[in-house]
Amino acid sequence: MNGRKMSNNKFYENGLQFECQRCSACCRHDPGYVFLTKKDLETLAAEKSMSEDTFLNKYCRIIDLGGFKRISLVEKSNYDCIFWSEDGCEVYKARPVQCRTYPFWISYLEEETEWKELASSCPGVGKGPIVSKEEIEKRIAERQDEQMLTV
Ligand code: SF4
Ligand code: SF4
């Protein structure tokens, strides 16, 4: 032992400011993936009153990530999410965990620089009230605990 104290402190120990500005940038305009978990598929298919197979055929695509494949929602030709409408998300109450937990994803929370850089694409970062460390970690866990849909 060299006496150095290990620290589990995170840069968001005291929480992070975030308030969605409803700009819709995370739902539209740019190509991207909305990966689904098994639970997302179940919830979305029920929301649309269709079988999971029908939902998969109508609203999903297979994404080859090199070594493994995942299921994502399809996009419109302008890269808007298939469920985006001028009134907002058509499946808001049943939206996938990826959407519900954004922007509190582990990929943005390992380093403070990642979080700060995110402000350039998500104007809610750094605005509004403080989201506590407990709430942030709850959202990280929510996403990690769900089993991804693979093929
Ligand atoms: S990009 Fe950020 S601020 Fe804009 S709608 Fe998405 S979460 Fe809200
Ligand atoms: S499912 Fe809804 S919240 Fe998620 S990207 Fe599509 S429109 Fe946005």
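In the hairpin formed by strand 2 and strand 3, where four residues stand between the strands, glycine 66 adopts a positive phi near 75°. The two strands, spanning residues 60-64 and residues 69-73 respectively, pair in the antiparallel sense over five bridges, and within this pairing isoleucine 63 has arginine 70 of strand 3 as its bridge partner. These details, like everything that follows, are read from a predicted model.

The confidence of that prediction deserves a word before going further. The pLDDT of the protein averages 93, and 95% of the residues score at least 70. Residues 1-7 stand out, since their pLDDT is below 50 and this stretch has zero contacts in the model beyond near neighbours in sequence. Where pLDDT is low, the predicted coordinates should not be read in detail.

**Overall architecture**

The secondary structure amounts to six helices and six strands, which follow one another along the sequence in the pattern β-α-α-β-β-β-β-α-α-α-β-α. Along the principal axes, the C-alpha atoms fill a box of roughly 60 × 35 × 25 Å. Of the 151 residues in the protein, 17% are buried, while among contacts with a separation of 6 or more, 71% join residues that are 24 or more positions apart.

**Nonpolar cores**

The largest nonpolar core consists of ten residues, namely Val34, Leu36, Leu44, Phe55, Tyr59, Ile71, Leu73, Cys81, Phe83 and Leu149. Helix 2 (52-59) and strand 3 each contribute at least two residues to this core. Apart from it lies another core, of nine residues, which include Leu16, Phe104, Leu109 and Leu118. Phenylalanine 83, a member of the ten-residue core, touches Leu73, Cys89, Glu90 and Val91 when residues up to four places away in sequence are left aside.

**Ligand surroundings**

Phe83 also belongs to the shell of ligand 2, where it is joined by Cys27, Val34, Cys81, Trp84, Cys89, Val91, Arg95, Pro96 and Cys99. By class, this shell has nine nonpolar residues, no polar residues and one charged residue. Ligand 1 is surrounded by Cys20, Gln21, Arg22, Cys23, Ser24, Ala25, Cys26, Tyr102, Pro103, Cys122, Pro123 and Gly124, a shell that divides into eight nonpolar, three polar and one charged residues.

**Backbone features**

Two members of the ligand 1 shell, Tyr102 and Pro103, are linked by a cis peptide bond with omega near 5°. Proline 103 lies in the loop between helix 3 (97-101) and helix 4 (106-109). Arginine 22, likewise listed around ligand 1, has a positive phi although it is not a glycine, and a positive phi is also found at tyrosine 79, again not a glycine. The table sets out the phi values of these two residues with their positions.

| Residue | Phi | Loop |
|---|---|---|
| Arginine 22 | about 55° | between strand 1 (16-18) and helix 1 (38-47) |
| Tyrosine 79 | about 75° | between strand 3 and strand 4 (84-85) |

Are these two residues buried or exposed? Arginine 22 counts as exposed because it has 9 C-beta neighbours inside 10 Å. Tyrosine 79 has 12 C-beta neighbours inside 10 Å and therefore counts as exposed, given that a residue is classed in this way if 12 or fewer other C-beta atoms lie within 10 Å of its own.

Definitions and conventions
Residues numbered from 1 in each chain as written. Chains lettered and ligands numbered in written order. Predicted model: local features only at pLDDT ≥ 70, side-chain atom pairs only at ≥ 80, totals over all residues. Near = placed C-beta within 6 Å. Nonpolar A, V, L, I, M, F, W, Y, C, P; charged D, E, K, R; others polar. Buried ≥ 20, exposed ≤ 12 C-beta atoms within 10 Å, placed from the backbone. Contact = placed C-beta atoms within 7 Å. pLDDT = per-residue confidence, 0-100. Pairing = 2+ DSSP bridges. Core = buried A, V, L, I, M, F, W, Y, C linked by C-beta atoms within 7 Å.
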